[in-house]
2 protein chains.
Amino acid sequence: MTALKIQVNLTDSKKEKPLSDHLEFGRVFTDHMFSADYIEGQGWTNHRIEPYAPLQLDPASIIFHYGQTVFEGLKAYSSKDGTIKLFRPEQNMKRLNQSSERLCMPLVNEELALEGLKRLLEIDQEWIPTAEGTSLYIRPFIIATEAYLGVSPSKKYKFMIILSPVGSYYKEGIHPVKILVENEYVRAVAGGTGMAKTAGNYASGLKAQQVAAEKGYAQVLWLDGIERKYIEEVGAMNIFFKINGEVITPALNGSILEGITRKSVIQLLQHWNIPVTERKISMEEIRTAQKNGLLDESFGTGTAAVISPIGEFNWKDEKLVVNNGEMGGLSERLYNTLTGIQTGKIEDPFGWVIEVEKPINQL
Amino acid sequence: MTALKIQVNLTDSKKEKPLSDHLEFGRVFTDHMFSADYIEGQGWTNHRIEPYAPLQLDPASIIFHYGQTVFEGLKAYSSKDGTIKLFRPEQNMKRLNQSSERLCMPLVNEELALEGLKRLLEIDQEWIPTAEGTSLYIRPFIIATEAYLGVSPSKKYKFMIILSPVGSYYKEGIHPVKILVENEYVRAVAGGTGMAKTAGNYASGLKAQQVAAEKGYAQVLWLDGIERKYIEEVGAMNIFFKINGEVITPALNGSILEGITRKSVIQLLQHWNIPVTERKISMEEIRTAQKNGLLDESFGTGTAAVISPIGEFNWKDEKLVVNNGEMGGLSERLYNTLTGIQTGKIEDPFGWVIEVEKPINQL
Ligand SMILES: Cc1ncc(COP(=O)(O)O)c(C=O)c1O
Ligand SMILES: Cc1ncc(COP(=O)(O)O)c(C=O)c1O
């Protein structure tokens, strides 16, 4: 009876909602948020839904100094059949806990967290945009809140879920992106925190991203930090290559994030009997395939864009064009299938989609 | 006339000060704090000293999600001659800006920041403990405060300085520490953020530190993330070895922090005509030196402990005892000289110490 544990305090001043064609990613937040507090010895307490409001934190809170924090990102879709759909949310709660494990943070009760998310979605359901391609972005996160400057795991945490309506990633249709292969900066190495969804990984990537943007590239492709040869991932996406009919994605090696879209793409490909391999793959191998006309397609996978076809790699000033800079057939098929399943337009043979009842009940 | 730019708003309810023999590191903070706000296009504004109080931050603030933040750590000492002494504070402000550069954050005016610190110390001077070995720990830090979930540099920041009275690091005399050489986890690699003082580096180190503590070791010695052979640094300290009369410390390689204590130790050794070298040094070399009876001493250097003699390394379950587990003569000489200069007991031939006038003036 986890639902009973969540206190609800509704706002008395609802905010104005943005127009669905004016939605920008991650700038506007809904009327409510979910929170819970952790205190060492007591565990997680005070699970609640309350009006979205600033946090009050001591300036010495560990989050500000030592970055002990983890987060997740997923989406809710408003379906034509009147339900709210979530795509594999239990995978996000599981990964949240995996990240917490690496960061010496307390685990959350995954079911209770999911229950909290569902109640929050029920309450703020009017915020889920309905236009084609739009969705409600969900950001669960945990921050260390103990006021202590010692470098040690915090004894207090705050778990929160906030929601932000987001526009279509592909307003002007899907155009493959250009990617800069990064040779100077490194995102993560084995033994570090690359496999966890934690703030420091993203802070460390800003610089390379800035340099890439100045050169006209959408994203950075990270190479391994040891030999600077093997492909890791792209910005906030995992990466796939179709080479001579076979689909290849870098194996999980301890320094890349295990994307839920990545996992779903692998399952879909297997379901379709398209050969897919997780292995170490070098940039040199990609270059050779491209030179020999065998690099059929490449695409990134992630919650934000779902599938992001790649039209060009720039590696050490050499431009490697993929599929004439156009979206490939496999990218398109994956995109249509995944977004179709997510929004309920296509049947879900995997049991990936979870529905939230729209009527506000049990309040 | 930078001083004019700092607004001062004093508290009307001063807190009780802790007894000097009950001081713990980083748990109690003084009555006031220094703050300034940065807004893209306007630069740093609203420099002020105000009562120490919780921060109000939107839950979507970039600091909570992508860890864009830098910090510093230094100390103020209450000197017998009635002055407040700071040890090379301009070096900390310079390093703060170097860290910010790596994290795509705006630079602060180093002089103005130092001026803000001095005014804050004047105002909270009663908080500087006077007992032997005590000091006031100073924590300048900058956090990204824009409410935006996009992974890009924040357009808003908050720069703060908070103060915490700290007890003697060596209440029970100086006892050399035992250090666990870390083989599984990695702190940083070249191309990452290791040379910056930023939150993510510390979050990533918590796990190894926890494992070490469980095994009875005070700190972790980080090896390079590439070959796992070369010595980097210890927890929050740089490391030195005295081998057969020569002092060696790992060279700055892009993945270790350039400690101000490290820099000062090198200068002192040169001043004393003791050979000191910055170079790559492997754990195997340390082991060989120890086996051959040539590892005279080893010590860590950092603001917290100043000099922390090392009595034992555990490397892959082999225990390498240094100097019979006792503090060596060089460690002691460095400790006495540095703390002597810092507190004004010994003449400062380098111009390292800066004095803050005690009387509250210009308010
Ligand atoms: C570093 C990184 N890699 C990959 C991904 C893709 O993961 P998912 O498919 O779960 O969104 C993300 C996030 O979304 C990410 O932040
Ligand atoms: C990672 C790390 N290395 C070394 C040091 C030593 O630097 P400093 O001597 O400036 O205190 C510190 C901090 O104090 C640190 O955090």
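**Exercise 1. Find which atom of ligand 2 pairs with the side chain of B:Glu233, and list the other polar partners.**

Step 1. Start at B:Glu233: an N or O atom of its side chain sits 2.5 Å from a nitrogen atom of ligand 2. That falls under the polar-contact rule (a pair of N or O atoms within 3.5 Å; within protein, one must be able to donate a hydrogen and the other to accept it, and residues adjacent in sequence count only if both atoms are side-chain atoms).

Step 2. Now look at the oxygen atoms of the ligand. B:Thr261 puts a polar side-chain atom 2.6 Å from an oxygen atom of ligand 2, and for B:Lys197 the distance from a side-chain N or O atom to an oxygen atom of the ligand is 2.9 Å.

Step 3. Check the cover: alone, ligand 2 exposes 390 Å², and the protein buries 96% of that. Accessible areas here are Shrake-Rupley values with a 1.4 Å probe, and for residues only the protein chains shown count as cover.

A note before you go on: this is a predicted model, where local features need pLDDT of at least 70 and side-chain atom pairs count only at pLDDT 80 or more, while totals for chains, interfaces and linings use all residues. Residues are numbered from 1 along each chain as its sequence is written, chains are lettered from A and ligands numbered from 1 in the order in which they are written, and side-chain values use heavy atoms, with hydrogens and water left out.

**Exercise 2. Describe the shell around ligand 2, by residue, class and element.**

Step 1. Count 16 residues around ligand 2, with B:Tyr202, B:Glu233, B:Ile260, B:Thr261 and B:Thr303 coming nearest. A residue is in if one of its heavy atoms lies within 4 Å.

Step 2. Sort them: 5 nonpolar, 7 polar and 4 charged. In this scheme Ala, Val, Leu, Ile, Met, Phe, Trp, Tyr, Cys and Pro are nonpolar, Asp, Glu, Lys and Arg are charged, and the others, Gly among them, are polar.

Step 3. Map them: helix 5 (260-271) and strand 16 (295-302) of chain B each give at least two residues to this shell. Helices (H or I, at least four residues) and strands (E, at least two) are DSSP runs numbered from the N terminus.

**Exercise 3. Which side chains of chain A approach oxygen atoms of ligand 1?**

Step 1. Side-chain N or O atoms of A:Thr261 come to 2.5 Å, those of A:Thr303 to 2.6 Å, and a polar side-chain atom of A:Lys197 lies at 2.9 Å.

Step 2. As for cover, ligand 1 has 380 Å² of accessible area on its own, and the protein covers 96% of it.

Step 3. The shell holds 16 residues, and A:Tyr202, A:Glu233, A:Ile260, A:Thr261 and A:Thr303 are the closest.

**Exercise 4. Work out how chain A meets chain B.**

Step 1. Contacts (heavy atoms within 4.5 Å) involve 59 residues of chain A and 60 of chain B.

Step 2. The two chains bury about 5100 Å² between them, 63% of it on carbon and sulfur atoms; that is the accessible area (1.4 Å probe) that two parts lose on being put together, summed over both. On the chain A side, A:Pro59, A:Phe64 and A:Leu206 lose the most, together 13% of what that side buries.

Step 3. Count 4 salt bridges between the chains, each a side-chain nitrogen of Lys or Arg within 4 Å of a carboxyl oxygen of Asp or Glu. One of them links B:Glu101 to A:Lys207 at 2.9 Å. Another salt bridge pairs A:Glu101 with B:Lys207, N to O at 2.9 Å. Since A:Glu101 lies in helix 2 of chain A and B:Lys207 in helix 4 (residues 199-214) of chain B, that pair joins two chains.
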